[in-house]
Amino acid sequence: MWDFDNIYRAHVDSVFRYALSLVGSRSLAEDLTSEAFLALLRHRDKIDEARLPAWLFTVVKNRVVDHHRRRTTEQQYADRSKSDQDKPAFPAFDAGLLEHKSLKPVHRVCLTLRYVHGMTRLEIAETTGLSETQVKGHLQYALEILRKVLVKDSSG
Amino acid sequence: MAKETDLRWSDLEPEEETLLKELGVPIGGRPVCPPLDLLQAFHSGALSGALRRHIGGHVEHCRVCQILSRDFAAMDVPLTKEEDARIRARVFKAHSGRQQLRRWQFLWLLIPAVAAAVLAVIAIWMHVGRQNHARQLASSAPPPQSLAAGSPVFTLEKPPVALSVPLLMRGRQAYAAALSSALEPYEAGDYSSAVKRLDPLARKYPQRAEALFYLGVSEIFEANYGAAAESLKRASAVARGSLASECRWYLALAELHAGQPANAAATLEILCEAAGVYQKRACAGLKELSSKNKASFSR
Ligand SMILES: [Zn+2]
């Protein structure tokens, strides 16, 4: 017998993580997860429970693949920056700075999303699932570290 | 109003600005690295063709992008309670709606019995007063409507809420979040609430097709065809790609229902000429419309 509530609880976390790994956006991963479970509801008569969660993963992946396939490189990527092509490109952020031993993944992600991708703190919060306050804290800490490195470099 | 790209670092603080200057990072410059959604799609094998080569070519040489993907995976922030609640609300609302439908489906079994009873009543009625019956039927007939709108080619199907990856791109999250919340009544089939929620959103974001599209479709379901045609016309003007065809298809339906077959034909012509999921249906619809036209001329 189908116990949809049980099935949902058993798989929602892994489906969400999988979706997140594919799209790098929590709100989009949320949409994809909802869509996968809605698709499961629609096809419940045809799906053997033993095929879960693989079936749900396939739904998620197909949607993402399908979306990207429909768009060309120009639409996807070049168009995004077309409007500010007259502005200077960022110099590649120094990866050596990022790999400082005092920085953890969360600090590096916040640093990169803000200073390489130009996101606001709110956007970083939405992307990472951290609160805006947490993002602010991580950025402050990371900036302190970078400042120390800079001072050391210029004095040494 | 500021353009989306100008929103970058709208929350820049003085000490950050100082450090960026020290690092030599120009403020408000153009990111050279692909956005995170494309990076992740690339790593998970969801990209193909030129896009895959383009992103792959960058990632291969960019240590910053390599580190970002690795670290993003390592962060592993689990599904929050709020996220779970939102997913649950969307999924289970549909689930309970479906169950209610199932519960009411048994009513179909009653149709033959009801039909027999109705026939019996009509037979008696006709016997009692044929003239009177005919007059009553005429007065209760629905208002005249374009015949074509009732054709199987033009069956009204509810378009599911389809996500679009660029919606969640930088700077669009606020719109995406508002849209996703406003679409809850739409998904639940409560079109009158959907119109109320989507209308202000469509006004606030006139350049975004999604809010206008779902507003128009909700208005069709609310039988407000004139308003639907207006919303969908505006949606068609700003929509791109497959959403544009979708907007036009529903625009044609709204126009038909609103008794504007000439407008509907013009809309269908655009769809019929371009390759897309609605091409076949649009061409078939055009044929049907023109045959209706000929029939009414020869009459
Ligand atoms: Zn890069």
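Mentor: Let's start with one word, "buried": a residue counts as buried when its relative accessible area is under 20%. With that in hand, you can read chain A, where 52% of the 156 residues count as buried. Keep in mind as we go that this is a predicted model.

Trainee: Got it. And what share of the residues in chain B is buried?

Mentor: For chain B the buried share is 41%, out of 299 residues.

Trainee: How many helices and strands does chain A have?

Mentor: Chain A has 8 helices and 0 strands. Read from the N terminus on, its elements go α-α-α-α-α-α-α-α. Chain B also has 0 strands, and its helices number 15.

Trainee: Now the surface. How much do carbon and sulfur atoms supply of what chain B exposes?

Mentor: Chain B exposes about 16,300 Å², and carbon and sulfur atoms supply 59% of that. The accessible surface of chain A is about 7,200 Å², with 52% belonging to carbon and sulfur atoms.

Trainee: And what about contacts between residues that sit apart in sequence?

Mentor: Take the contacts in chain A with a separation of 6 or more: 53% of them are between residues 24 or more positions apart. In chain B, the contacts between residues at least 6 apart include 51% that join residues at least 24 apart.

Trainee: Can we go down to single helices? How many residues of helix 2 of chain B are buried?

Mentor: Helix 2 of chain B covers residues 36-43, and 7 of its 8 residues are buried, so this helix is largely enclosed by the rest of the structure. The buried ones are Leu36(B), Asp37(B), Leu38(B), Leu39(B), Gln40(B), Ala41(B) and Phe42(B). After helix 2 of chain B comes Gly45(B), with a positive phi near 75 degrees.

Trainee: What does helix 7 of chain A look like by that reading?

Mentor: Helix 7 of chain A, residues 121-128, is mostly covered, with 6 of its 8 residues buried. Those are Arg121(A), Glu123(A), Ile124(A), Ala125(A), Thr127(A) and Thr128(A). Gly129(A) follows helix 7 of chain A, and its phi is positive, near 85 degrees.

Trainee: How do I describe two helices that pack together?

Mentor: Two packed helices are described by the angle between their axes and the distance between the axes. Try helix 11 (residues 209-221) and helix 12 (residues 225-238) of chain B: they pack at about 160 degrees, with axes 8 Å apart. So helix 11 of chain B is roughly antiparallel to helix 12 of chain B. Their crossing is left-handed.

Trainee: Which residues of those two helices make the contact?

Mentor: From helix 11 of chain B they include Leu212(B), Phe213(B) and Ile220(B), and from helix 12 of chain B they include Tyr225(B), Leu232(B) and Val238(B). Sorted by class, that contact has 12 nonpolar, 2 polar and 2 charged residues.

Trainee: Is Ser236(B) buried or exposed?

Mentor: Ser236(B), found in helix 12 of chain B, counts as buried because its relative accessibility is 8%. Leaving aside neighbours within four places in sequence, Ser236(B) is in contact with Cys247(B), Arg248(B) and Leu251(B).

Trainee: Could you show me another angle?

Mentor: Sure. Helix 3 (residues 49-61) and helix 4 (residues 63-75) of chain B cross at roughly 95 degrees, and their axes come within 5 Å. Helix 3 of chain B is therefore roughly perpendicular to helix 4 of chain B. His58(B), Val59(B), Glu60(B) and His61(B) of helix 3 meet Arg63(B), Cys65(B) and Gln66(B) of helix 4. By class, this contact has 2 nonpolar, 3 polar and 2 charged residues.

Trainee: What about a pair with one helix from each chain? How do helix 6 of chain A and helix 4 of chain B cross?

Mentor: Helix 6 (residues 105-115) of chain A and helix 4 of chain B cross at roughly 130 degrees, their axes coming within 9 Å. The two are therefore oblique to each other. Their crossing is left-handed. Among the residues that meet are Val106(A), Val109(A) and Leu113(A) in helix 6 of chain A, and Ile67(B), Leu68(B) and Phe72(B) in helix 4 of chain B. The class count for this contact is 10 nonpolar, 1 polar and 3 charged residues.

Trainee: One last spot: where does Tyr205(B) lie?

Mentor: Tyr205(B) lies in the loop between helix 10 (191-204) and helix 11 of chain B. Not counting residues up to four places away in sequence, Tyr205(B) touches Ala174(B) and Tyr175(B). Tyr175(B) is 30 residues from Tyr205(B) along the chain, and their C-alpha atoms are separated by 7.9 Å.

How values were computed. Residues numbered from 1 in each chain as written. Chains lettered and ligands numbered in written order. Predicted model: local features only at pLDDT ≥ 70, side-chain atom pairs only at ≥ 80, totals over all residues. Heavy atoms only, no water. Helix = DSSP H or I, 4+ residues; strand = E, 2+ residues; numbered from the N terminus. Buried < 20%, exposed > 50% of the residue type's maximum accessible area, 1.4 Å probe, protein only. Contact = heavy atoms within 4.5 Å. Areas by Shrake-Rupley, 256 points an atom, 1.4 Å probe, with all protein chains shown as cover. Axes fitted to C-alpha atoms, helices over the stretch in contact; angles between N-to-C directions. Parallel < 35°, antiparallel > 145°, perpendicular 65-115°, else oblique. Left-handed = near helix turned anticlockwise from the far one by under 90°. Nonpolar A, V, L, I, M, F, W, Y, C, P; charged D, E, K, R; others polar.
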